[in-house]
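Biologist: I have just opened this one and would like some help reading it. Could you take me through a few features, one at a time?

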Amino acid sequence: MKKATVERILDAAEFEFGAHGFVETSLRTITSKAGVNLAAVNYHFGSKKGLIQAVADRFFEPLTMGIQKRLLGMDVQQQSNHQVLTGIYTDLMLEALNIAQRNPSRLALFARLINSAYTQSQGHLRKHLTYQYAPLFMLLMKTLRTHMPEMSHEQFFWRFHHLMGMMVFTLSNSESLGAICAAEYATQRELPEILQQLIPILVAAAEAPVVAIEKLA
């Protein structure tokens, strides 16, 4: 059976955005690959921004459902802060593996979506994700803050985004890092091994002592 128009457009957009980026990819390129006309994109998604948001939802809908289920299932009352944080970051990495099951290259696009949400040209994406997945973000933030060292709202803001930066870099470059490791150390590391190494680093960073925000001198 021929794929539905929406799925063909999303498949083409996901491939092209992953290969060339959001700014560099034109709607004409996507419609050509999907075998549809521009009117079909406008009808189903409204605009290129709407299409980018729909591609993001493809990742975030199953991701947020998985993370929310894991968070709600955690027995945080019976665990230490270290155990809770380890559980959270383990769950995040397991969800990342789920994304990569279909195609490992999808992880790079997922990381690019997160990164692009903070760029001026794709600011609409951050607003969309914040609104669409607010309950999950609030639950995650609350759980992290409860089990991390006590800190101000601003300090938590920076700590959270430094942690996110480590995750985004590793997810977006996992294939390249694996190839470099194989070439320089003659060791083949699969994605589960790469992500497993990241978990204790994230936990240690989350647990790091809080320091005053000062200028580097």
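Modeller: Sure. Keep in mind that this is a predicted model. Let's start with helix 1, where R8, I9, L10, D11, A12, A13, E14, E16 and F17 are buried.

Biologist: What do the buried residues of helix 1 pack against?

Modeller: Quite a list of partners: helix 2 (27-34), helix 3 (38-45), helix 4 (48-73), helix 5 (81-102) and helix 6 (106-116).

Biologist: How do I check the length of helix 1, and what span should its 16 residues have?

Modeller: You count 1.5 Å a residue, so the 16 residues of helix 1 (residues 5-20) should span 22 Å. The C-alpha atoms at the ends of helix 1 are 22 Å apart, which agrees. Just after helix 1 comes G21, with a positive phi of about 95°.

Biologist: Which domains is the protein chain divided into?

Modeller: Domain 1 covers 1-46 and domain 2 covers 53-207. Their C-alpha centres lie 27 Å apart. The contact between them draws on 13 residues from domain 1 and 12 residues from domain 2.

Biologist: How much area do domain 1 and domain 2 bury between them?

Modeller: About 970 Å², with 60% of it on carbon and sulfur atoms. On the domain 1 side, L10, E14 and F22 lose the most area to domain 2, together 62% of what that side buries.

Biologist: And how many salt bridges does the rule find across the interface of domain 1 and domain 2?

Modeller: The rule finds 4 salt bridges there. It also gives 6 residue pairs in polar contact across that interface. As for who supplies the domain 1 side touching domain 2, helix 1 gives the most, with 9 residues.

Biologist: E14 came up twice. Which residue forms a salt bridge with E14?

Modeller: That's R106, and the closest N and O atoms of the pair are 2.6 Å apart.

Biologist: Let's try single residues. Is T170 buried or exposed?

Modeller: The cut-off for buried is under 20% relative accessible area. T170 has 11% relative accessibility, so it counts as buried. You'll find T170 in helix 9 (residues 153-172).

Biologist: What does the side chain of T170 reach?

Modeller: The backbone oxygen of M166, at 3.0 Å. If you leave aside neighbours within four places in sequence, T170 is in contact with L177, I194, L195 and L198.

Biologist: Now for backbone angles. What sign does phi have in most residues other than glycine?

Modeller: Negative, for most of them. In this model, A186 has a positive phi, near 55°, in a residue other than glycine.

Biologist: Where is A186 found?

Modeller: In the loop between helix 10 (174-185) and helix 11 (191-207). Exposed means over 50% relative accessible area, and A186 is exposed because its value is 72%.

Biologist: One more residue, then. Is I199 buried or exposed?

Modeller: I199 sits in helix 11. Its relative accessibility is 5%, so I199 counts as buried.

Biologist: Which residues does I199 touch, not counting residues up to four places away in sequence?

Modeller: Those are T86, Y89, T90 and M93.

Biologist: How far apart are I199 and K127 in sequence and in space?

Modeller: They are 72 residues apart in sequence and, from C-alpha to C-alpha, 28 Å apart in space.

Definitions and conventions:
Residues are numbered from 1 along each chain as its sequence is written. This is a predicted model: local features need pLDDT of at least 70, side-chain atom pairs count only at pLDDT 80 or more; totals for chains, interfaces and linings use all residues. Side-chain values use heavy atoms; hydrogens and water are left out. Helices (H or I, at least four residues) and strands (E, at least two) are DSSP runs, numbered from the N terminus. The expected span of a helix is 1.5 Å times one less than its number of residues. Buried means under 20% relative accessible area, exposed over 50%, partly exposed in between (1.4 Å probe, protein chains only). Contact means heavy atoms within 4.5 Å. Domain bounds come from an automatic or database domain assignment. Buried area is the accessible area (1.4 Å probe) that two parts lose on being put together, summed over both. A salt bridge is a side-chain nitrogen of Lys or Arg within 4 Å of a carboxyl oxygen of Asp or Glu. A polar contact is a pair of N or O atoms within 3.5 Å; within protein, one must be able to donate a hydrogen and the other to accept it, and residues adjacent in sequence count only if both atoms are side-chain atoms.
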